[in-house]
Amino acid sequence: MVASAWVADRRAEWTPLNSQTEYESDLERFLDILKLLIREPAVVGCEDSFFRVLSRELEEAGATVQYYQGVLVAQGSRPHDLILSAHIDRHGLLCTGPNEFQYAAFISGNQSELNGDSVSEQMLKTIEHRFQNQRVQAHLPYTGTYLGQGLITKSYICAERRNLIFEVDGLEFLQPGTPIAFLDRLRTEAGYISAQLDNVISAALLVYLFQNGFEGTALFTAQEEAGRSWRYALSWFQRHQISTQRLIVLDTSPYPTREAADAQQVVLRNRDASGSFAPDMTRELVDRCQQLDIHYSFKDIYIEEQNRTRPRPYSLGRTELGKLVTATSGMINGTTLQIPTTDYHTPNETASLSSVDAVIRLLMSYVTDLQSW
């Protein structure tokens, strides 16, 4: 595995490219996919309409698509060679009463899935005041039909309900159970893209792969932000009696500053708070990064280094993969591949085009391998 000193050396020597023009020819089609998907709401727990949009795009790309509770599965002609996974839910609000709006991921029905040490829960105070003057749009839960727009005027943490509460102008007519998404558009500037990227960017990457000949399997899971997506993925594995050590879970990875995020193009992990990932699969990603001259670091090492100087240590996080590993005693395992971002869990989450380009090149190396076997 990569030593801490190696990571520090790589951070020192890596300088991110800031010219958007270097990426336009390679990334234009991918960004078109991302722009399309970002405009479709996928609030935690209300992902049905987004799944239908994904189904259309994947079927047009030639994939065989099946929809189960909480997971959409797309497969090519060699489904067992490599399995990729990405959650598709995004943060938003849920109407819970007359002119009452709560953070969708943490409503009372999800509290049993949260254990206090997820990254989302630890960041709740950090993001408490980030949403003032943010425009939002309401839509019907199943169909995705547009209902109207509003403006967040205030957000605060309610200690009794242990949730983030919002005051919204313009949506007083909504009924309980109505999802409200952040009004989101992809913005590109000086070599960076911004939107609520977590985790629609990974969904767009998987669509892009199928359009370019990927013949493996991709899982698109719901309710990851509520801690439930691993259950839906596990049910699919159990339904088909599949075990694997070659699962790659795609996601974004938060960093506190642009400098910290730009210290690497892609983020890997040896483990999370739940357990260790498959070392052979992790090494395979390391080898591919080195072959393709992609600069990488390990998030677990980064957090452990930062915790040495923090008064209160941060959790290593409980990822979808880690929960699958624990639930199956390692029978389902693999590794993670993440894009470093800033302004996590907001409509201004930002990633460098250099990182996006690196992840595409790395994943396309798998597509090339599968096509040549």
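**Stop 1: a nonpolar patch**

Select Leu140, Leu147 and Phe173. Together they make a nonpolar surface patch of about 250 Å². This is a predicted model, so read each stop as a feature of that prediction.

Now keep Phe173 alone. Phe173 sits in the loop between β8 (163–169) and β9 (179–182). Its relative accessible area is 48%, so Phe173 counts as partly exposed. That value also passes the patch cut-off of over 30% relative accessible area.

**Stop 2: strand β12**

Move to residues 217–221, strand β12. Is this strand mostly covered or mostly open? Covered: five of its five residues are buried.

Show the side chains. Thr217, Leu219 and Thr221 point one way from β12. Ala218 and Phe220 point the other way. Both sets are buried.

Next, add the pairing partners. Select residues 71–75 for strand β2, which pairs with β12 in the antiparallel sense over five bridges. For a register check, pick Gln75: it stands opposite Thr217 in β12.

Then select residues 83–87, strand β3. In which sense does β3 pair with β12? The pairing is parallel, over five bridges. Here the residue to pick is Leu84, which stands opposite Ala218 in β12.

**Stop 3: salt bridges**

How many salt bridges does the structure hold? Ten. Three are worth a visit here.

Start with Arg78 and Asp81. Their side chains meet in a salt bridge at 2.7 Å, N to O. Colour the two by accessibility. Arg78 is partly exposed, with a relative accessible area of 26%. Asp81 is partly exposed too, at 21% relative accessibility.

Go on to helix α12, residues 353–372. Select Arg361 and Asp357. They form a salt bridge, with the closest N and O atoms 3.2 Å apart. Both residues lie in α12, four residues apart, which is about one turn of the helix. Arg361 is partly exposed at 30% relative accessible area. Asp357, at 13% relative accessibility, counts as buried, because the cut-off for buried is under 20%.

Now jump to helix α9, residues 279–291. Select Arg288 and Glu284. Again the spacing is four residues, about one turn of the helix. Their side chains meet in a salt bridge at 3.7 Å, N to O. With a relative accessibility of 12%, Arg288 counts as buried.

Keep that pair on screen and add Arg246 and Asp369. What links these four residues? Arg246, Glu284, Arg288 and Asp369 belong to a network of salt bridges.

**Stop 4: a buried glutamate**

Finish at Glu47. Where is it? Glu47 lies in the loop between α2 (21–38) and α3 (48–60).

Glu47 is buried yet has no salt bridge. Draw a distance to Arg228, the nearest side chain of opposite charge: it is 8.8 Å away. A salt bridge calls for nitrogen and oxygen within 4 Å, so the 8.8 Å gap to Arg228 does not qualify.

Which residues does Glu47 touch? Leaving out residues up to four places away in sequence, the contacts are Ala42, Ile88, Asp89, Ala222 and Gln223. Show them as sticks around Glu47 to close the tour.

How values were computed: Residues are numbered from 1 along each chain as its sequence is written. This is a predicted model: local features need pLDDT of at least 70, side-chain atom pairs count only at pLDDT 80 or more; totals for chains, interfaces and linings use all residues. Side-chain values use heavy atoms; hydrogens and water are left out. Patches are made of residues with over 30% relative accessible area and no salt bridge: like charges are joined within 9 Å, nonpolar side chains (Val, Leu, Ile, Met, Phe, Trp, Tyr) within 5 Å. Accessible areas come from the Shrake-Rupley method with a 1.4 Å probe; for residues, only the protein chains shown count as cover. Helices (H or I, at least four residues) and strands (E, at least two) are DSSP runs, numbered from the N terminus. Buried means under 20% relative accessible area, exposed over 50%, partly exposed in between (1.4 Å probe, protein chains only). Two strands pair if DSSP finds at least two bridges between them. Lys and Arg count as positive and Asp and Glu as negative; His and the chain ends are not counted. Contact means heavy atoms within 4.5 Å.
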